[in-house]
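Got your viewer open? Load the model shown here and follow along, one selection at a time.

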Amino acid sequence: MPLSTLRRPLRPLALANITREYPNFPAHLITSADEAHAPRALHPAFYGAYDWHSSVHMHWLLVRLLRRHGGTPALPESARAVAVLDRHLTPGNLAVEAAYLRAHPSFERPYGWAWLLVLAAECRALGGENGARWAAALEPAVAAVDGLLAGWLPKATYPVRHGNHPNSAFALGLALDSGELSAETDSAVRERLLAWFADDPRRPGPLGALGQDFLSPALSEADAVRAALLALPERVPPACLTRFLPALRTGAPCAPLT
């Protein structure tokens with residue numbers, strides 16, 4: 001199937017997801033009977049798409065499609081996408097999202113945090129009036145994630161290695177690639193990734209995901225080390241990746257999934 005054919009349903013899919021409030025899995029602890037807990041009240045920007053990180057990811061998808069294919073006749077939903085993003089990515093909505101993140105410091109840690117940073121980066125990459133407006137609105141939430149990361153990393157003694165949302169390598173590598181972190185937090189993330197994974201005696205064996213994983217733990221760790229080394233190439237010898245994944249050196253096939 002041509003790539004252009006696969007792209008066509010993506011924008012309607014994202015639009016349908018981020019504007020549909022239910023069903024919803026809010027992952028919110030209700031502490032009193034009079035507390036407002038409707039998804040749209042908790043998350044005025046990211047209330048759709050079943051859960052928060054999926055909503056953030058779908059917003060990223062829309063911005064990405066606008067940047068890559070916004071002017072093509074085959075994608076006539078551009079105006080609707082801009083209108084929806086304008087309704088969601090407002091300073092008021094993102095101020096609520098930032099306050100929620102700070103009040104719930106383990107919420108969506110670290111997977112959702114990383115996708116919010118990537119969304120902000122994509123808005124900056126889009127540029128123009130729309131991208132600049134959305135990126136500026138996202139700044140308080142980006143600052144909240146930056147501060148939460150800085151506070152969490154010293155307490156994160158061990159990485160989460162399985163291939164699901166809490167995977168430490170995937171999220172922190174994605175955060176570095178976003179370019180949205182402050183210099184201090186960026187440095188702390190790089191140091192933590194290298195301490196965990198640069199010479200990892202417990203690195204996962206198979207390259208693929210296993211069981212309920214949707215990420216490859218091995219490839220996530222390797223890519224996180226790659227991201228960490230972009231600004232610190234002197235820290236680890238160039239051969240570290242082939243030590244980590246010997247198949248890259250030998251050309252041996254990946255171990256089959258079981």
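The helix names used on this tour come from DSSP runs, with a helix being a run of H or I of at least four residues, numbered from the N terminus. Keep in mind that this is a predicted model.

**Stop 1: the loop before α7**

Start by selecting Pro 110, in the loop between α6 (91–103) and α7. Now look at the peptide bond that joins Arg 109 and Pro 110: it is cis, with omega at about -5°.

**Stop 2: α7 against α9**

Next, select helix α7 (residues 111–126) and helix α9 (residues 168–178), whose axes cross at roughly 20° and come within 8 Å. Angles under 35 degrees count as roughly parallel, so that is the label for α7 and α9. Their crossing is left-handed. To see the contact itself, show side chains for Tyr 111, Ala 114, Trp 115, Leu 117, Val 118 and Ala 121 on α7, then for Phe 170, Ala 171, Leu 174, Ala 175 and Ser 178 on α9. What kinds of residue make up the contact of α7 with α9: nonpolar, polar or charged? The split is 10 nonpolar, one polar and no charged.

**Stop 3: along α8**

Select helix α8 (residues 128–152) and put a distance between its end C-alpha atoms: they are 34 Å apart. Why does that agree with the length of the helix? At 1.5 Å a residue, its 25 residues should span 36 Å. While you are on α8, zoom in on Glu 139, where there is a kink of about 45°, shortly before the proline Pro 140.

**Stop 4: α5 beside α8**

Keep α8 on screen and add helix α5 (residues 78–88); the two pack at an angle of about 25°, and their axes are 10 Å apart. That angle makes α5 roughly parallel to α8. The pair has a left-handed crossing. For the contact, pick Val 82, Leu 85 and Asp 86 in α5, which meet Asn 130, Arg 133 and Trp 134 in α8. Colour by residue class and the contact of α5 with α8 comes out as three nonpolar, one polar and two charged.

**Stop 5: α2 across α4**

Clear the view and select helix α2 (residues 10–18) with helix α4 (residues 52–69), which pack at an angle of about 145° with axes 9 Å apart. Here α2 passes α4 in a left-handed crossing. On the α2 side, light up Leu 10, Arg 11, Leu 13, Ala 14, Leu 15, Asn 17 and Ile 18. Their partners on α4 are Ser 55, Met 58, His 59, Leu 61, Leu 62, Leu 65, Leu 66 and His 69. Sorted by type, the contact of α2 with α4 has 10 nonpolar, four polar and one charged.

**Stop 6: the loop after α2**

Finish with two backbone details. Pro 23 sits in the loop between α2 and α3 (39–42), and the peptide bond from Tyr 22 to Pro 23 is cis, with omega near 0°. Then click on Ala 27, found in the loop between α2 and α3. Ala 27 has a positive phi of about 55° although it is not a glycine.

Notes: Residues are numbered from 1 along each chain as its sequence is written. This is a predicted model: local features need pLDDT of at least 70, side-chain atom pairs count only at pLDDT 80 or more; totals for chains, interfaces and linings use all residues. Side-chain values use heavy atoms; hydrogens and water are left out. Axes are lines fitted to C-alpha atoms, for helices over the stretch in contact, and angles run from 0 to 180 degrees between N-to-C directions. A crossing is left-handed if the near helix is turned anticlockwise from the far one by less than a right angle, and right-handed if clockwise. Contact means heavy atoms within 4.5 Å. Ala, Val, Leu, Ile, Met, Phe, Trp, Tyr, Cys and Pro count as nonpolar, Asp, Glu, Lys and Arg as charged, and the others, Gly among them, as polar. The expected span of a helix is 1.5 Å times one less than its number of residues. The bend at a residue is the angle between axes fitted to the seven residues ending there and the seven starting there. Angles under 35 degrees count as roughly parallel, over 145 as roughly antiparallel, 65 to 115 as roughly perpendicular and the rest as oblique.
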